[in-house]
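Hello! Here are a few notes to go with the model, set out as numbered points. I hope they help as you look through the structure.

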Amino acid sequence: MSDCCSAPGLMAFELALQQLLANVPTPQVSQLIAIENCLDRVLANNIISPVDVPPHNNSAMDGYAFNYQTIVSNADTPMPVVGRSFAGEPFTGTTAIGQSIRIMTGAKLPDCCDTVVMQENTVIKDGQLLLSKAPQEKANVRYRGEDINKGEQVFQQGHKFTAVDIGLLASLGISEVEVYAPLTVALLSTGDELRTPGEALNDGDIYESNRFALHALLQRLNVNIVDLGIIADDKQAIRDAFHAADQQADVVISSGGVSVGEADYTKEILEELGEIGFWKIAMKPGKPFAFGKLANSVFFGLPGNPVSALVTFYQLATPGIEKMQGMPFKAKPKFRAITTSKLRKSAGRMDFQRAVVTFDEQGHAQVSSTGTQGSGVLSSLGSANCFIVMSSEQGSVEAGETVMVEPFTSVFL
Ligand code: AMP
Ligand code: MG
C-alpha cells in the first residue's frame, strides 16, 4: 500500500479513488453456475458464440417464399406453391426458380428461395401464387448469423450479467457460465449513542441508520453480508470486532469513529491490526474516510454522518468492491445543467451536492438543490436524483450558471 498518509492535509478525491483501486485485489476464484443463477454475477472469462444466431435463414413474416429471379421481368408471373415450411418443421423437398412455398414466421427458408412476400400481399388461385404487391428483392428474410456469428465474442471477462444477457446466453445454447465467487462483506457500526430501531432510546441516544442503508446497498451489489451489529466506542470491542470481521470476510466496512474525536478509534485500531492507506479526503460530504487492509481483508472506514457514509460508500467503496468482484472501473457519466438555486461552496474540497435534475420541453437540463446540505440530513439524499459535482477549486455558484451533474444510477432509489 502506498504511503499516502504522510502527505499533509487532505487528499484529492480523484487521487484517493485511483489509489484505492490500485490497492484492492481482483478475484482469483471462479465457479461454473447455471445461467438461471447468473443475474448480477460477474463473468470470469470471455464467451465466444458456439453457433450462428439465427442458425438458418428464416422468414420474418407469414407468407410465401420464392426466388426473386422469377419476377424480375414480370411481377405478375404465377408461381406454383410446391410445399410448406413451418417453424421447427422445415420443407424437406427441393424448389426451383419459378416455384414458391408457403412459409411461416421463423420457418427455415429453402436454399433456392431468397425473398418472402407477406400473405396480405398475395392471392392464391388454382394452387398458384400471384402477387398483389411485389416485395423488394430479399425482403422479409432473417439471415443466418445476422444477430451473432459463430466464433464472435459475445461477453467479455468482467461483464455483469443482466436479465437480457441471460436470454442471450440461452439463445446461444449456453447453459452454464464461469463467474467469480461471490464476495463476503462484513458490516458494523460504531458508536455508544447508537440504538437499533425497535429498542428504547435513552437520553442522548439516536437510532442508527447507516448499517440498514448500507446493508440494502450491499444487497444490490450482490455480495454475501455478515452483519456484526453495533460496536461500542471501546478500543478492545473495536479490536475484537475488526478481528472477527477480518476472519469471515473479504471486505470489512465500518461506519463512525473515523474523525479525530476522543472516542474515534477506527484509525488507531486499523493501524494496529493492518495498514492504513489514507483517511482524510478533500470531499464534501465525507472528509474522514479510512481505507486500509486487515490481515485478510480490505477495510473501508466510512464516516458516521449518514449522508457522508452513503456518499463515500457510493463514490469510493463501491468502485473498490466492484473491482474486487472482477468488474472494470467505469467513470460515472456527467452532463451540464443550469442550476436554478444558488449553491454555496467553499474552495478546498470537491462537493457532491444533493439535487434534483429535470428536463424542459426542449430537453435542456435544469438542476435544483435539495436544500440543506448538512451531512447528517439523510432526507437531502433521499429526495435527490443526482449530485451536483463541484471541483475543489470552485467557489459558490449563482442561480443561472452551468454546473456538472452526475445522475444516480438506481443505487440509492
Ligand atoms: P462519528 O463519525 O462517530 O464521529 O459520527 C458522526 C455523527 O454520525 C454523529 O452525530 C453520530 O451520532 C452519527 N452516526 C454515527 N454512526 C451512525 C449510524 N450508524 N447511524 C446514524 N448516525 C450515525
Ligand atoms: Mg462515533
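1. Let's start with a proline: P54 sits in the loop between β3 (47-48) and β4 (58-59), where strands are DSSP runs of E with at least two residues, numbered from the N terminus. The peptide bond that joins V53 to P54 is cis, with omega near -5°.

2. Some ground rules before going on. This is a predicted model, in which local features need pLDDT of at least 70 and side-chain atom pairs count only at pLDDT 80 or more, while totals for chains, interfaces and linings use all residues. Residues are numbered from 1 along each chain as its sequence is written, chains are lettered from A and ligands numbered from 1 in the order in which they are written, and side-chain values use heavy atoms, with hydrogens and water left out.

3. A second cis bond runs from K284 to P285, with omega near 0°. P285 belongs to the loop between β19 (275-284) and β20 (288-293). Also worth a look is N140, a residue other than glycine with a positive phi, near 60°; N140 is in the loop between β10 (128-131) and β11 (141-142). For context, most residues other than glycine have a negative phi, and most peptide bonds are trans.

4. Which pocket does ligand 1 take up? The ligand occupies the second largest pocket (on a 1 Å grid over the protein atoms alone, an open set of points with protein on both sides within 12 Å along at least five of seven lines; lining residues have an atom within 4 Å of a point). To sit there, a molecule needs more than half of its atoms within 2 Å of the grid points. This pocket holds about 240 Å³ of space (the volume filled by probe spheres set on the points, which are joined across faces, edges and corners). Its lining has 19 residues, with T190, E193, L194, G256 and G304 closest to the centre.

5. Around ligand 1 there are 16 residues, the closest being E193, E208, S209, G257 and G304 (a residue counts if one of its heavy atoms lies within 4 Å). Three polar contacts (pairs of N or O atoms within 3.5 Å) can be listed:
   - the E193 side chain has an N or O atom 2.5 Å from an oxygen atom of the ligand;
   - the E208 side chain has an N or O atom 2.8 Å from a nitrogen atom of ligand 1;
   - N305 places a backbone N or O atom 3.1 Å from an oxygen atom of ligand 1.

6. Finally, how many cavities of 30 Å³ or more are there? The count is one, a cavity being a set of points where a 1.4 Å probe fits but cannot get out. The largest cavity contains about 70 Å³ of space, and its lining residues include D40, R41, Y180 and Q325.

Definitions and conventions. Polar contact = N/O pair within 3.5 Å; in protein donor to acceptor, adjacent residues only side chain to side chain. Helix = DSSP H or I, 4+ residues; strand = E, 2+ residues; numbered from the N terminus.
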